[in-house]
Amino acid sequence: MATFIKTNETHLISDLCVKTGDTDENVENVNNKNKKYFTCDVCGQKFCQERLLKKHFHTHTKEKQYSCDVCHKDFSHKSNLNVHLRAHTNEKPFSCDVCGRGFFVRSSLTRHYRIHTNEKPYSCDICRTDFSHESGLNVHLRTHTKEKPFSCDICHKDFSQKSNLNVHLRAHTNEKPFSCDVCGIGFSVRSSLTRHYRIHTNEKPFSCDVCEKAFSHRETLTDHHRIHTNEKPFSCDVCGKEFYERGSLTKHHRIHTKEKPFSCDVCHTDFSHKCNLNVHLRTHTKEKPFSCDTCHKDFSQKIHLTLHLRTHTNEKPFSCDVCGIGFSVRSSLTRHYRIHTNEKPFSCDVCGKSFSHRETLTDHHRIHTNEKPFSCDVCGKEFSNRGHLTRHYRIHTNEKPFSCDICHKDFSQKINLNVHLRIHSNKNQYSGDVEKDFL
């Protein structure tokens with residue numbers, strides 16, 4: 001095989017460079033038939049015909065004298081131009097006798113045919129992996145050599161394959177040549193469109209061999225499978241926490257970096273996760289896409305619907321290991337547990353008073369600021385917390401939700417009921433004392 005050498009000299013095809021004389025340097029006699037070979041004076045490759053040498057020499061001069069009349073692309077060989085023109089005419093003279101697929105050039109058919117024969121004539125000398133195409137082997141070898149010969153002119157990022165560079169360039173040009181014919185969303189690569197299309201078809205071709213759960217994407221299945229194996233190959237280099245998938249690690253890492261790359265276009269609040277931004281946007285749109293099948297109450301977040309459903313099922317999966325009280329959400333158990341520990345982790349930065357719950361601290365802080373954000377829509381009276389407004393509102397509605405179990409008297413506030421109950425307890429205590437005096 002010829003060895004190609006880069007040169008800065010410009011060589012012109014002429015009678016001087018194509019020597020046909022009977023010299024030992026440029027002509028060989030083969031089988032005593034005086035057959036002449038024409039030798040390239042740049043790389044030493046030999047040709048049996050002068051025209052082949054001239055054709056070959058264009059690889060050194062980079063001369064492209066043949067141009068396409070349609071797209072004006074230039075070629076060094078006329079045969080390459082002829083093949084290229086088929087891309088415009090869609091002529092495919094070479095077809096596969098197995099599946100009928102057509103090709104522009106015979107070499108493409110030859111390579112394609114190996115799909116059916118499973119022939120893999122090219123082998124990696126390092127890891128012995130076999131390939132059906134030489135180009136596939138060449139690309140594979142770069143995984144061993146770490147060679148990345150294709151570089152982006154804009155950001156200078158390097159790639160091992162030209163196709164990867166071409167796809168990357170679309171990130172700069174924002175070109176999205178592949179679009180969904182259902183919803184019109186555009187994509188920079190065809191594989192992304194294929195993945196996206198499964199949203200519309202609900203196709204889930206990848207299935208877990210353990211629990212048989214189906215997935216639209218192979219990589220989602222791979223991530224899911226780690227739940228069964230408990231494999232967590234991605235770990236945080238700050239705190240050491242491990243994750244099943246790289247995306248979860250990326251999102252987690254923002255806790256340490258305080259990075260918030262997602263911003264609300266309405267109020268400009270920043271978020272570390274896109275899902276949190278999407279949930280937040282519903283506060284502006286008032287969208288509540290999750291509905292309870294029992295009472296038809298709507299919610300902006302699915303988690304809120306899940307928690308709400310427990311009010312219907314009376315499910316309380318979180319219980320206190322001290323007193324046994326059950327709770328429908330873990331945060332309520334955490335709050336409750338502070339009754340037993342007397343923990344008060346929230347402290348007022350004005351007076352230093354501590355509180356068990358953050359919202360109690362928030363209400364308390366309004367004493368210092370004199371802020372009263374809750375107002376009665378009947379009389380206009382303002383309150384520092386919502387609970388006070390709720391109790392006040394019963395003056396107007398005459399609602400009395402608290403009832404005495406002894407005399408059945410009703411009260412608008414629980415504190416009034418507690419005071420009233422002392423009447424019954426004091427009466428019993430008084431009666432006992434009187435009886436003792438008269439004995």
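## Lys-162 and its charged patch

Lys-162 counts as exposed, at 52% relative accessibility. Exposed means over 50% relative accessible area, buried under 20%, and partly exposed in between (1.4 Å probe, protein chains only). Lys-162 sits in helix H5, which spans residues 162–173. Helices are DSSP runs (H or I, at least four residues), numbered from the N terminus.

On the surface, Lys-162 joins Lys-62, Lys-64 and Lys-73 in a patch of positive charge. Patch members have over 30% relative accessible area and no salt bridge, and like charges are joined within 9 Å. A salt bridge is a side-chain nitrogen of Lys or Arg within 4 Å of a carboxyl oxygen of Asp or Glu. The place of a Lys charge is its NZ.

## Model basis

This is a predicted model: local features need pLDDT of at least 70, side-chain atom pairs count only at pLDDT 80 or more, and totals for chains, interfaces and linings use all residues. Residues are numbered from 1 along each chain as its sequence is written, and side-chain values use heavy atoms, without hydrogens or water.

## Cysteines

How many disulfides are there? The count is zero, with a disulfide taken as a pair of cysteine sulfur atoms within 2.5 Å. Cys-208 is in none; its nearest cysteine sulfur, that of Cys-211, is 3.7 Å away. Cys-407 is also unpaired in this sense, with the sulfur of Cys-404 nearest at 3.7 Å.

Cys-208 is buried, at 2% relative accessible area. Cys-407 is partly exposed, at 36%.

## Arg-338

Arg-338 lies in helix H11 (residues 330–341). Arg-338 is buried, with a relative accessible area of 14%. Arg-338 and Ser-356 are 18 residues apart in sequence, and their C-alpha atoms are 6.5 Å apart in space.

Note on methods. Patches are made of residues with over 30% relative accessible area and no salt bridge: like charges are joined within 9 Å, nonpolar side chains (Val, Leu, Ile, Met, Phe, Trp, Tyr) within 5 Å. Accessible areas come from the Shrake-Rupley method with a 1.4 Å probe; for residues, only the protein chains shown count as cover. Lys and Arg count as positive and Asp and Glu as negative; His and the chain ends are not counted. Helices (H or I, at least four residues) and strands (E, at least two) are DSSP runs, numbered from the N terminus.
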